[in-house]
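Me: Got a minute to walk through this one with me? I'd like to go over a helix first and then the interface.

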Amino acid sequence: MLSTENHLRYQRQIQLKEFGVAAQIKLFDAKVLIIGAGGLGCPALQYLAAAGIGTIGIVDFDVVDISNLQRQILYTTDDIGKSKVKTAAERIKQLNPDIQINILNLKLQNKNALEIISAYDLVIDGSDNFSTRYLINDACVLLNKPFIYGAVLRFEGQVGVFNFEENNSNIKTNYRDLFPEPPVENTILSCNEAGVLGVVPALIGTMQATEAIKIITGIGKPICNKIISYNVLNNEMHEFEIFSDEKSKSKMPKNEKEFLAFNYDWICGVSHVSNEISAENFDLLIAGNKITVIDVRELSELPIVSEFPNIKIPMNELEEKISALKIADTIVVFCQTGIRSLNAVKIINKIIPNASVSSLHGGIIEWKKHQNKIHI
Amino acid sequence: MEIKIIAFGQIADIIGNSIMSINEIKDTEELRKKLSNAFPQLNEISYGIAINKKNINKNTEINMGDIVALLPPFSGG
């Protein structure tokens with residue numbers, strides 16, 4: 001039964017013949033967790049709260065920054081410096097005082113993710129980094145929770161419903177079926193680096209809210225087992241079907257214990273200490289002569305490096321060959337431009353945890369340029 | 001043989017949106033190799049491939065007239 005006030009508040013959706021009072025009650029009973037109160041999370045939160053989702057949890061540890069306001073229009077200029085989740089919760093209470101808002105002013109991590117997510121029926125991924133995205137994916141798969149993925153860059157966005165079985169089809173796919181492993185650090189642009197038009201996360205976040213409402217009420221056909229890629233510049237929308245993949249299953253933690261031990265920051269290349277070395281500092285190290293230098297490029301790659309002693313081990317042989325090497329305490333790896341070698345640092349650190357390994361910043365190309373400058 | 005390639009995100013910057021004529025290409029592994037030879041910057045970006053709107057998880061045959069999409073992951077939110 002709905003109160004008269006509720007009838008009035010939700011009248012425009014209750015009057016839809018596919019919706020009715022029954023769907024409204026399903027929304028009241030639903031618990032949705034929104035991870036990230038940013039460009040995607042804000043519009044999702046606003047529309048889900050307005051639609052009458054009974055319980056909404058919001059996770060974010062950040063404060064409002066002036067550069068957020070171009071797209072996160074739940075916040076105002078006066079909110080700069082204030083907690084995002086607290087500010088968002090205040091606004092949402094004004095919009096709809098009847099719903100329960102749970103404020104989670106924290107960073108989602110292995111140690112808290114399972115407990116937090118298990119209290120909700122459905123998760124919206126509004127995060128802005130790969131480490132959280134893979135964490136959400138793996139936690140939702142372990143807990144058997146559907147989650148709605150959204151991601152944006154510049155003028156494009158991706159949206160999809162993962163880990164959701166439609167109509168007893170016995171088919172469920174997840175983010176790792178599309179991208180089994182996170183990309184190597186620094187290879188994929190973030191919105192901080194590449195920018196994003198404010199309306200793009202608004203569109204994608206609103207699509208995520210739409211999918212949440214469809215799943216909870218059972219109306220329509222959710223974007224499951226596929227993703228939609230939308231480009232606002234040419235209005236092109238592409239749909240891609242996703243298939244369950246054994247190989248991607250093998251990359252995922254299989255139980256709670258493995259999940260707790262999984263290092264998401266590590267696999268996504270989030271490092272708290274710099275593992276890069278500049279051309280200048282590298283020259284000082286070579287002069288000291290107490291280092292092992294490894295060239296991880298393919299054997300055919302040019303230029304040939306003969307200016308200092310180095311061992312040639314292409315990336316795909318590194319894991320196998322590194323442990324057999326007698327090496328100095330300090331290792332520097334290089335490739336063409338300094339990107340593959342960052343990944344090589346991770347591989348070597350995994351095998352020789354105590355080694356001091358760094359990657360030559362800018363690769364051998366940058367180093368050669370540096371040499372030319374010195375000699376001119 | 002002609003296949004249509006649709007690129008997204010950063011990959012569109014590198015290769016452009018184009019119809020490509022590629023000779024003697026039989027599968028997606030070979031396509032990856034040819035593309036990374038033609039556009040070395042692609043070596044350093046991970047991306048998924050979809051053929052005729054279906055994402056592929058393993059090396060897959062490519063036929064004339066296929067539409068091949070190159071899809072990088074996005075992290076922004």
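Reply: Sure. One term before we start: helices here are DSSP runs of H or I with at least four residues, numbered from the N terminus. Also keep in mind that this is a predicted model.

Me: Fine. What's the backbone doing just after α7(A)?

Reply: Asn144(A) sits there, and its phi is positive, about 60 degrees.

Me: And at the start of α7(A), which side chain reaches a backbone nitrogen?

Reply: That's Asn129(A): one of its side-chain oxygens comes to within 3.3 Å of the backbone nitrogen of Ser131(A).

Me: How far apart are the end C-alpha atoms of that helix, and what should it span?

Reply: They are 20 Å apart. Helix α7 of chain A covers residues 130–143, and at 1.5 Å a residue its 14 residues should span 20 Å, so the two agree.

Me: How many of its residues are buried?

Reply: Eleven of the 14, so α7(A) is largely enclosed by the rest of the structure.

Me: Which ones?

Reply: The buried set is Phe130(A), Ser131(A), Thr132(A), Arg133(A), Tyr134(A), Leu135(A), Ile136(A), Asn137(A), Asp138(A), Ala139(A) and Cys140(A).

Me: OK, switching to the interface. How many residues of chain B are in contact with chain A?

Reply: 22 residues of chain B, and they contact 42 residues of chain A. The two chains bury about 2700 Å² between them, with 55% of that on carbon and sulfur atoms.

Me: How many salt bridges go across?

Reply: The rule finds two. One of them pairs the side chains of Lys54(B) and Glu241(A), at 2.9 Å from N to O. There are also 14 residue pairs in polar contact across the interface, both partners at pLDDT 80 or more.

Me: Which elements of chain B give two or more residues to that side?

Reply: α1 (9–15), β3 (48–51), β4 (54–55) and β5 (67–71) of chain B. α1(B) gives the most, with three residues.

Me: And how do the residues on chain B's side divide?

Reply: Into nine nonpolar, nine polar and four charged.

Me: Back to Glu241(A) for a second. What about Lys226(A), which touches it?

Reply: Lys226(A) is in strand β7 of chain A, residues 226–231. Leaving out residues up to four places away in sequence, Lys226(A) touches Val159(A), Gly160(A), Val161(A), Glu239(A), Phe240(A), Glu241(A) and Ile242(A).

Me: Which side chain does the Lys226(A) side chain make a polar contact with?

Reply: The side chain of Glu239(A), at 3.2 Å.

Conventions:
Residues are numbered from 1 along each chain as its sequence is written. Chains are lettered from A and ligands numbered from 1 in the order in which they are written. This is a predicted model: local features need pLDDT of at least 70, side-chain atom pairs count only at pLDDT 80 or more; totals for chains, interfaces and linings use all residues. Side-chain values use heavy atoms; hydrogens and water are left out. Contact means heavy atoms within 4.5 Å. Buried area is the accessible area (1.4 Å probe) that two parts lose on being put together, summed over both. A salt bridge is a side-chain nitrogen of Lys or Arg within 4 Å of a carboxyl oxygen of Asp or Glu. A polar contact is a pair of N or O atoms within 3.5 Å; within protein, one must be able to donate a hydrogen and the other to accept it, and residues adjacent in sequence count only if both atoms are side-chain atoms. Ala, Val, Leu, Ile, Met, Phe, Trp, Tyr, Cys and Pro count as nonpolar, Asp, Glu, Lys and Arg as charged, and the others, Gly among them, as polar. The expected span of a helix is 1.5 Å times one less than its number of residues. Buried means under 20% relative accessible area, exposed over 50%, partly exposed in between (1.4 Å probe, protein chains only).
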